[in-house]
Amino acid sequence: NLPAVASTCGTARPDRIKGVIQALSTDTDVETRATLASGIHETTALLAKGSLREEVLMAVGELMTDQNNQVRMNSLTHFSTLLELLRGEDGTAAQELAPIFGNLEMMSQESWRTQQLLAEQLKLAAHMIPQETLCMHVAPVLFQMARESTYLVRKASISALISVVRYIPDVRRRDHILKHFRQEWARGKVYWTRLAYVDGCLEATEIFSHKLFRTLLSEELFNMVSDPVANVRLRIAIIYTQLAPACYEMPAFETTLQKLCEDSDVHVREEAEAAKAALASWPGVPPETQEANSAKEEAESKFFVLKNRAPKTSKIDKAKPEGDPSLQNATALGGEGRTGGGRTISFSNSQQGNAATRPTVVTHSVLAGRNNWGGATEQEGSELTAAGAQSETSKTEGDGKTNGGEGGSEPKRKLCGCFG
């Protein structure tokens, strides 16, 4: 009963329980770790602000990335609560928890229930997660879970994705994610991706202001009334009355409803006629909804910013010697679309180029190991980078074939680009 022990000794005699939580989080017995994970939020609430904060952070990381699925689920149940308790001074998640977000894909493996729980917790915690983490780690894993898992996981992931987009202040990065959402989901080749887009739009009407929803998502949604699959058109007809508060002033709102009323499928026509009858007697947007929408618009106008694009590097800058400090800084930053380690980020969550940043499995955790969450050292990273460059050179000088050349291999999968 560690929460009770922490309540007794945490403030008065923290030295008495120093090392206990860390030892239990790496215990060889699975049930011990699972029990600790079930009450880790209570223990954290008592110890997070004291001298044992660092130990609590390490224990949370160990439990959330545990190799046992039950241990992970027990700790993930309280993920948003833990982020709230471990917030940094700027109000966002503590920097010490960054390795957890870097391993979200590993944390979601083995069970669709774990994936659903992870998506639900990420939605609750989106407002506490820094923008860089949302773009580089959270959004990609949500897209991946939505595409590869079950319907319940897909629904939870798309709902979480809308919340994530709401809390990305950079307009360019936000719009980049939504552009992918429209192109790959609203215009996807399989009907269930298009259904997921419709569900995402319905979620967005609750999270975004009416103005922002009309700007970002409504046009593509109305275009989907011409979808070849009746189930997609039926879904739009079913939710049409719920779109009214945000879209009733748009010219396309009436014309789209009329198209649904003239649809070739009898079920679509029935739902559209029912929606038309309900809207005919609709009194309009209630005053309380208008007030809430005005508050959302004001909050969004203060939150979102349009940053200028970074100036392109001139030829003179590219020709600078290797020892030039500015060139070294540019290399360290990795350029647009790359992390400091040079890993390309894409919507597809491709593992390509990720070897240098993939942590080693140690004890019961999928992180790099206790007291060393940083993964590879700088020396190891430089050696891996050098080895990768040498390998790439040997491939180029080999048989001289390119992806587009005669007799070459198939073209490499085109990445969608970075969230940056």
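Is Y248 buried, partly exposed or exposed? Select Y248 and you will find a residue that is partly exposed, with a relative accessible area of 34%. Keep in mind on this tour that you are looking at a predicted model.

**Stop 1: around Y248**

Y248 belongs to the loop that runs between α17 (240-247) and α18 (251-261). Now add its contacts to the selection. With neighbours within four places in sequence set aside, Y248 touches L243, F253, W282 and V285. Next, draw a distance from Y248 to G284: the two are 36 residues apart along the chain, and their C-alpha atoms are separated by 8.9 Å.

**Stop 2: the whole chain**

Zoom out and switch to a cartoon view. The protein has 23 helices and zero strands. Colour by accessibility, and 45% of the 420 residues count as buried. If you prefer a contact map, look at the contacts with a separation of 6 or more: residues 24 or more positions apart account for 69% of them.

**Stop 3: helix α6 and its cover**

Select residues 69-76, which make up helix α6. Seven of its eight residues are buried, so this helix is largely enclosed by the rest of the structure. The buried ones are N69, V71, R72, M73, N74, S75 and L76. What lies over them? The cover includes α3 (30-38), α5 (53-64), α7, α9 (104-107) and α10.

One residue of α10 is worth a click here. Q121 sits in that helix, which spans residues 112-125, and Q121 is buried at a relative accessible area of 7%. Beyond its neighbours within four places in sequence, Q121 is in contact with L76, T77, H78, F79 and S80.

**Stop 4: aromatic pairs**

From Q121, step across to F79, one of its contacts. Show the aromatic side chains as sticks; the model holds twelve aromatic pairs. F79 and F101 form one that is tilted, with 5.8 Å centre to centre and 50 degrees between the planes. F79 lies in helix α7 (residues 79-85) and F101 in helix α8 (residues 98-102), so the pair ties together parts that are 22 residues apart in sequence. Both rings belong to buried residues: F79 has a relative accessible area of 1% and F101 one of 3%.

Now select F303 and F304. Their rings make an edge-to-face pair, 5.3 Å centre to centre and with 80 degrees between the planes. How exposed is each partner? F303 is partly exposed, with a relative accessible area of 28%, whereas F304 is buried at 12%.

Stay on F303 and bring in R166. The charged end of R166 sits over the ring of F303, 5.1 Å from its centre.

**Stop 5: an aromatic cluster**

Select F143, F181, W185, W192 and Y197 together, as these five form one aromatic cluster. Then add R147, which lies over the face of W185 at 4.9 Å from the ring centre. Viewed along with R166 over F303, this gives you another arginine placed over a ring.

**Stop 6: a cavity**

Rolling a probe the size of a water molecule over the atoms shows where empty space is left. Here the search yields one cavity of 30 Å³ or more, and the largest cavity has a volume of about 40 Å³. To frame the view, select L2, I17, V20, I21, T43, L47, L52 and E55, which line it. Two helices, α2 (20-25) and α4 (40-47), each supply at least two residues of this lining. What classes of residue make up the lining of the largest cavity? There are six nonpolar residues, one polar and one charged.

**Stop 7: out to T11**

For the last stop, select T11, in the loop between α1 (2-9) and α2. Is T11 buried or exposed? T11 counts as exposed, at 72% relative accessibility. Finish by drawing a line from T11 to S51: the two residues are 40 apart in sequence, while their C-alpha atoms are 9.0 Å apart in space.

Definitions and conventions: Residues are numbered from 1 along each chain as its sequence is written. This is a predicted model: local features need pLDDT of at least 70, side-chain atom pairs count only at pLDDT 80 or more; totals for chains, interfaces and linings use all residues. Side-chain values use heavy atoms; hydrogens and water are left out. Rings of Phe, Tyr and Trp (its six-membered ring) pair if their centres lie within 6.5 Å; planes under 30 degrees apart count as stacked, over 60 as edge-to-face and the rest as tilted. Helices (H or I, at least four residues) and strands (E, at least two) are DSSP runs, numbered from the N terminus. Buried means under 20% relative accessible area, exposed over 50%, partly exposed in between (1.4 Å probe, protein chains only). A charge sits over a ring if NZ of Lys or CZ of Arg is within 6 Å of the ring centre and within 35 degrees of the ring normal. On a 1 Å grid over the protein atoms alone, a cavity is a set of points where a 1.4 Å probe fits but cannot get out, and a pocket is an open set with protein on both sides within 12 Å along at least five of seven lines; lining residues have an atom within 4 Å of a point. Grid points are joined across faces, edges and corners, and a volume is the space filled by probe spheres set on the points. Ala, Val, Leu, Ile, Met, Phe, Trp, Tyr, Cys and Pro count as nonpolar, Asp, Glu, Lys and Arg as charged, and the others, Gly among them, as polar. Contact means heavy atoms within 4.5 Å.
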